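Student: Please take one part of this structure and go through it closely, in plain words. I would like one connected account rather than a list.

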Amino acid sequence: MSSFPAGFVWGTATSSFQIEGAWLEGGKGPSIWDAFAHIPGKISDGTTADVSCDHFHRWKEDVAYMADLGLRAYRFSISWPRIQPAGRGKVNPEGIRFYAELIDALLAHGITPWVTLYHWDLPLALQLELDGWLNPALAGLYKEYAAICFEAFGDRVKHWITFNEPWVVSIMGHGQGIFAPGRMSNAEPYQVAHTILRAHGLAVREYRDRFQGVQGGRIGMANNCDWREPRTEDPVDKAAAARAVEFFLGWFGDPLYRGDYPDVMRARLGSRLPSFTSEEQAMIRGSQDFFGLNHYTTMYASHSTDRKSFTLSPFANGGISEDQDVRLSMDPDWTITNQGWGIVPWGCRKLLHWIDQRYDHPEIVLTENGCSLPDVLHGATVDDQKRIDYLHAYLSACHQAIREGVRLGGYFLWSLLDNFEWSSGYTPRFGITYVDFATGRRIPKSSAQWYSRLARTNVLPPLGTNPYRDLIGDPHESGDTR
Ligand code: GAL
């Protein structure tokens, strides 16, 4: 049995666009994702998120359900266009009321809200009028939006996440173009990330200057990173893997903790990488109170300058392989999830150590982890043992990292509900709760019961016959020197 530290936070996570529906109700303006999802061909199963889980109308049921499961924390996001339909100026009172009531209900049920201010649903007007995150002016507009939220909810919300996965906004939205706003470029991702980091810095300064002292909350970002393991012991592959993690997480983590981008990015990107002024550096350095990490999978990395092959490869490293000279690959023995992501718990443990060492032992919160599976409803149940196995193995890796000294303070399972999985629509199911999208009915999967027990007891059972039990520790230490 593995006990987690007292006070360890157990929660689930969702985002506004993926669960709320009601895309044009309650005074909300359209977002770039509303527009994107309505373009034929952008969503692989041809769906939209117009209704999705209909959480906008069913939130009371969802809160009561979480309370029944004994989950004491919930990470959700606020839709910027629900608060400011045009992205700036006028505030929508119905939007404020919706989130205020949700927050009050959570607190009344003993559930602590962890609120993300931006989970990709930019007000469409800001894209059409200003080119969205490509425009440096977005940083100031974001700060104003954030201040509206601190003002309206900060007396009750004590855990803020400024941005969810700026890597995805940059790379998938402006590099590969497969996410909104659907732009393809090898320079824009770096400009977008730069504006987001400045926006984060401004919002945090605002929070600290005007709100934090009185309200007493904490603020950070949720950055995503897969682990990159050297494919071989060859020093060039080791350097490639190190570089790949710096291009992935160091891109955001280094400015937040050290005030500037990793040297390797500056050296390779030259003028394509924007520069911070020294004032901005001082503002961004030290601007998070905890390290939010979204982590799902691992790949091997090797050095490669065969740039032509990167473009079409599924291992194109988010479209910026050519900037890194890194080729990614997987072990054919790894079990994969519905998304094709390898189940590699030791990668999670290694990444936690990487953060711990590079950023001087910060408190880390796993703000997302989970897997999508082809869940099927049998009668009134969904047996998702494979998800339980995944969670159990990843949490064992987390527990081991904690034993080794990493300060991991919480875990948010993605996701509470099956929901709209961006350009993949409703096909991947990430929830511990099955959603029948035709009726909106919620059905707890077996993983919900399993997670509920864990959250209530704070104790992880032994791995027993878990198929991933040999994938928790370092494969190199166990003699596998692939
Ligand atoms: C993250 C994202 C979530 C969810 C999850 C599963 O990148 O923040 O919104 O979609 O991945 O793919």
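**Strand pairing and the barrel**

Tutor: Start with one pair of residues: V365 stands opposite G410 in β12. Keep in mind throughout that this is a predicted model. The pair belongs to a longer contact, in which strand β11 (residues 364–369) and strand β12 (residues 408–414) run parallel and are joined by 4 bridges. As background, strands of a sheet pair through backbone hydrogen bonds, and the pairing can be parallel or antiparallel.

Now step back to the whole sheet. A barrel is closed by 8 strands, taken in the order β2-β3-β4-β5-β6-β8-β11-β12, with parallel pairing. On average, and with direction ignored, neighbouring strands of this sheet are turned by 25 degrees against each other.

Follow that order to β5, which covers residues 159–164. Strand β5 is mostly covered, with 6 of its 6 residues buried. On one side of the pairing, 2 bridges connect β5 with strand β4 (residues 112–116), and the two run parallel. There, W160 in β5 is the bridge partner of V115. Strand β5 is also joined to strand β6 (residues 218–224), by 4 bridges and again in parallel. In that pairing, N164 is found opposite A222 of β6.

Strand β6 also has a helix against it. Helix α10 (residues 235–258) lies across β6 and β8 (291–294), and its direction is at about 160 degrees to that of β6.

One further parallel pairing is worth a look. Strand β7 (residues 227–230) and strand β9 (residues 298–303) run parallel and share 4 bridges. P230 sits opposite A301 of β9. In a regular strand, side chains alternate between the two faces of the sheet. In β7 both faces are covered, with W227 and E229 buried on one side and R228 and P230 buried on the other.

Last, turn from strands to a pair of helices. Two packed helices are described by the angle between their axes and the distance between the axes. Helix α15 (residues 345–358) packs against helix α16 (residues 385–403) at about 30 degrees, and the axes are 8 Å apart. That angle makes α15 roughly parallel to α16, because angles under 35 degrees count as roughly parallel. Their crossing is right-handed. From α15, the residues P345, C348, R349, L352 and H353 meet A393, Y394, A397, C398, Q400 and A401 of α16. Sorted by class, this contact of α15 with α16 has 8 nonpolar, 2 polar and 1 charged residues.

Technical notes:
Residues numbered from 1 in each chain as written. Predicted model: local features only at pLDDT ≥ 70, side-chain atom pairs only at ≥ 80, totals over all residues. Heavy atoms only, no water. Axes fitted to C-alpha atoms, helices over the stretch in contact; angles between N-to-C directions. Parallel < 35°, antiparallel > 145°, perpendicular 65-115°, else oblique. Left-handed = near helix turned anticlockwise from the far one by under 90°. Contact = heavy atoms within 4.5 Å. Nonpolar A, V, L, I, M, F, W, Y, C, P; charged D, E, K, R; others polar. Buried < 20%, exposed > 50% of the residue type's maximum accessible area, 1.4 Å probe, protein only. Pairing = 2+ DSSP bridges.
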